[in-house]
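Visitor: I have a structure open in front of me and would like to understand it piece by piece. Could you take my questions in turn and explain how each answer is reached?

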Amino acid sequence: MEPEIQLEIEGEVHQLPSGVRPFDLPERDPEALAAWLDGQVLDLKKPLLKGGTLQWLTFDDSGGRQVFRHSSAHLLAQAVKRLWPNAKLGTGPALEDGFYYDIWLPVPLTEPDLARIEAEMRRIVSENLPIERLELSREEAVRIFSERAEEFKLQIVERITDDTTISAYRQGEFVDLCTGPHLPQTGYIGAVKLTNVSGAYWRGEEQNPMMTRIYGTSFPTQEALEEHLARLEEAKLRDHRKLGPQLDLFSFKEEAPGFTFWHPKGYQLYRTLEEFSRRLQEERGYQEVSTPWIYRAALWQRSGHWDHYRDNMFLIERDDEVLGAKPMNCPGHALLFKGNIRSYRDLPIRLAEYGPLSRFERSGTLHGLLRVRGFHQDDAHLFVREDQIHQEMFGVLDLMDVVYRAFGLPYEVVFSTRPDDYMGDLALWNQAEQELERVLRDRGLKYQINPKDGAFYGPKLDISAIDSLGRRWQLATIQLDFQLPEKLDLHYVDDEGHWRRPVMIHRAILGSVERFIGILVEHYAGAFPLWLAPIQARVIPITEQQVTYAEEIRRKLHRHGIRADVDARNQKMGYKIREAQMEKVPRMLIVGGRDQENHTVSLRTREQGDLGAKPWPDYLYQLIEEAEMPLS
RNA sequence: GCUGGCGUAGCUCAAUCGGUAGAGCAACGGUUUUGUAAACCGUAGGUUGCGGGUUCGAGUCCCAUCGCCAGCUCCA
């Protein structure tokens, strides 16, 4: 008698012969791309030898999408191999919104090549080749990929351990080493688009050969693909590098790559943000200082930056000695701390600084405001006793919460642990890592662990946000440091009169003010909330007759701390309104003859449009309230 | 830094095969005096990123360089 298995599908239990393929079941969802059996994603054509609960994965499931995109990557590789038979395949995974394949090519790729590859991919789709799984012995795998001169695949085979099944997938003449799973046929891939080409080192190591990485995306239908491409276009319009200059906030110039020119409006925004940070920190016992921005090399040698950070520093040679511009404030703050004898009663001492920092970033890594060479942090160093670590860390996380809630910025917490080139004593590192984890748990924060990504002097907690194109950027950082107090020999006097070593907490909440503004521009698409907007209100006289009245209103607004201007140009009202809307000014106070007579302003808001006449100056008091900083 | 791509007026873009660099918006001058997203007329604006080369002739072809874009690497 043939062995049977029991499969539960959509609540119904079926008795089926062992070896049945999900693909052949009459219950199969016609949109299914793969099957899910008790937590495992399987090919639809996988013969089932044991029973369980089976679900269909479609393009709406992330698992289904992943299979779809992974098969699309194979499709890409097959097309490239048809066009360049001596191309050598690297790896080609699925991504969130698409896929890529790293391929070594004898010639550089050009735009028209992408179109040719796409055309070939469509041909393979129309051939509707069956996709077949092969399970291979190591010898077979080596033979297959040697025959095809796929040296990179052979390297992968070598690294596969003996306890793993070596599998490959075949579609037509094409075979790729792959664990799968995959779609049943190439015909499933309804629409593909190759988006861009770039270089990528084999296995991500700089000394390895550079492969050509071809990115693409794919969807079941042409309409879905076009919708996706339209969304990408939308996102590009939010890009801070486009919006910033458009809104006249900042610019970059060839003469100073990686440094920001802050225009009047952008700098206003910058100062508002800094003021926000100042007020929150003063309330919490921080003291603002300003320390030198250039130090003799000897300090950097003592602090460890010379060994761990020199390549990223701007160095200056004068009078036969080397000086370095500061990439961080910590050594300066430590020196300031050291300048007096400190009692245990003085701690914690919280030193804040907003001064300029410079880091020499490699040219290819610069990216608008999000990666610059010259920037400012809302930086602070907390000098604390060991028994104060927990409480102070708790306070920092609390401040962070206030700040990020004020902007409604979605963020992720990452806990980065000891890197390979760490400085100092292993026991201290372990202690610091345990402290950080304990505070995270006590605050109930969700976090991910990023092993070996800590700073060279201590483990850190990073907050990152995502830009308009889905790239992740680190904003806040909180680091516990037992090393620097040691290196620079910091101490305080404890309650028994003994010298003790303080602990340093490095922290920046906004992170870099530059980067934070870049993220904010994209987050709000340039339409900043009232309290942040560089120009909060624009007074628009309808005719020349109201310019004096308009000026009067503007002066009064300013006197009460509202940033306002008057558009007195000889233009129609509609024109001025249109410009104010495009500049994303949150409030427009329109004044015509009627307003002047009745002592009103005609209010228009950026979001709601015309709201009619409001008595003046009553409206001023409403505006003052609406424009308050979100300090709690 | 590496691989590939792109640099034309302040912005968005055009210029056939190598043959006189052009338009809209913005700016400026004037007319208009206006009630909720673009009034009208006119003027000016350029060493085509910078430097070489090929050619009778280069925005266009070649070399080099700078900057930017995508990704890699790096990343407090």
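Visitor: Leaving aside its neighbours within four places in sequence, which residues is Asp462 in contact with?

Guide: In this predicted model, Asp462 has its place in strand β25. Once the neighbours within four places in sequence are set aside, the residues in contact with Asp462 are Glu412, Val413, Val414, Ser416, Gln474, Ala476 and Thr477.

Visitor: Is Asp462 buried or exposed?

Guide: The relative accessible area of Asp462 comes to 5%. A residue is called buried when that value is under 20%. Because 5% falls under this cut-off, Asp462 counts as buried.

Visitor: With the side chain of which residue does the side chain of Lys460 make a polar contact?

Guide: Lys460 lies in strand β25, which covers residues 460–466, and Asp462 has its place in that strand too. Lys460 is buried, with a relative accessible area of 11%. At a distance of 3.0 Å, the side chain of Lys460 makes a polar contact with the side chain of Asp462.

Visitor: How far from a sugar or linking oxygen of RNA strand B does a polar side-chain atom of Gln474 lie?

Guide: Gln474 has already come up in the surroundings of Asp462, whose side chain makes a polar contact with the side chain of Gln474 at 3.3 Å. Gln474 is also among the residues in contact with Lys460. Towards the RNA, the distance from a polar side-chain atom of Gln474 to a sugar or linking oxygen of strand B is 2.5 Å.

Visitor: Which residues come nearest to RNA strand B?

Guide: The protein has 51 residues around RNA strand B. By class, this surface is made up of 14 nonpolar, 19 polar and 18 charged residues. Of the 51, those that come nearest are Glu206, Tyr309, Arg359, Ser363 and Asn570.

Visitor: What share of the atoms of RNA strand B that come within 4 Å of the protein do sugar and phosphate account for?

Guide: Two side chains give examples of contacts to the sugar or linking oxygens: an N or O atom in the side chain of Ser198 is 3.0 Å from such an oxygen, and for Tyr215 the distance is 3.3 Å. Taking the atoms of RNA strand B that come within 4 Å of the protein, the part belonging to sugar and phosphate is 49%.

Visitor: Which element gives the largest share of the surface near RNA strand B?

Guide: Several elements each supply at least two residues of this surface, among them β11 (191–201), β12 (210–219), β26 (472–481) and α16 (573–582). The largest share, 6 residues, comes from α16.

Visitor: Why are Glu233 and Lys236 separated by about one helical turn?

Guide: Side chains of opposite charge can pair when their charged atoms come close. Glu233 and Lys236 form a salt bridge whose closest N and O atoms are 3.6 Å apart, and both residues count as partly exposed, Glu233 at 47% relative accessibility and Lys236 at 43%. They are separated by about one helical turn because they stand in helix α5 (residues 222–238) at a spacing of 3 residues.

Visitor: How many residues apart are Asp401 and Arg405 in helix α11?

Guide: Asp401 and Arg405 form a salt bridge, with the closest N and O atoms 3.3 Å apart. Asp401 is partly exposed at 26%, whereas Arg405, at 52% relative accessibility, counts as exposed. In helix α11 (residues 389–407) about one helical turn separates them, the spacing being 4 residues.

Visitor: How many residues apart in the chain are Glu321 and Arg296?

Guide: The side chains of Glu321 and Arg296 meet in a salt bridge, at 3.1 Å from N to O. This pair links distant parts of the chain, with Glu321 in strand β18 (residues 321–325) and Arg296 in strand β16 (residues 294–296), and the distance along the chain is 25 residues.

Visitor: What average pLDDT does chain A have?

Guide: The model as a whole scores ipTM 0.94 and pTM 0.91. In chain A, 100% of the residues score a pLDDT of at least 70, and the average is 91.

Methods: Residues are numbered from 1 along each chain as its sequence is written. Chains are lettered from A and ligands numbered from 1 in the order in which they are written. This is a predicted model: local features need pLDDT of at least 70, side-chain atom pairs count only at pLDDT 80 or more; totals for chains, interfaces and linings use all residues. Side-chain values use heavy atoms; hydrogens and water are left out. pLDDT is the predictor's confidence in each residue, from 0 to 100. A salt bridge is a side-chain nitrogen of Lys or Arg within 4 Å of a carboxyl oxygen of Asp or Glu. Buried means under 20% relative accessible area, exposed over 50%, partly exposed in between (1.4 Å probe, protein chains only). A residue is near a molecule or strand if one of its heavy atoms lies within 4 Å of it. A polar contact is a pair of N or O atoms within 3.5 Å; within protein, one must be able to donate a hydrogen and the other to accept it, and residues adjacent in sequence count only if both atoms are side-chain atoms. Ala, Val, Leu, Ile, Met, Phe, Trp, Tyr, Cys and Pro count as nonpolar, Asp, Glu, Lys and Arg as charged, and the others, Gly among them, as polar. Contact means heavy atoms within 4.5 Å.
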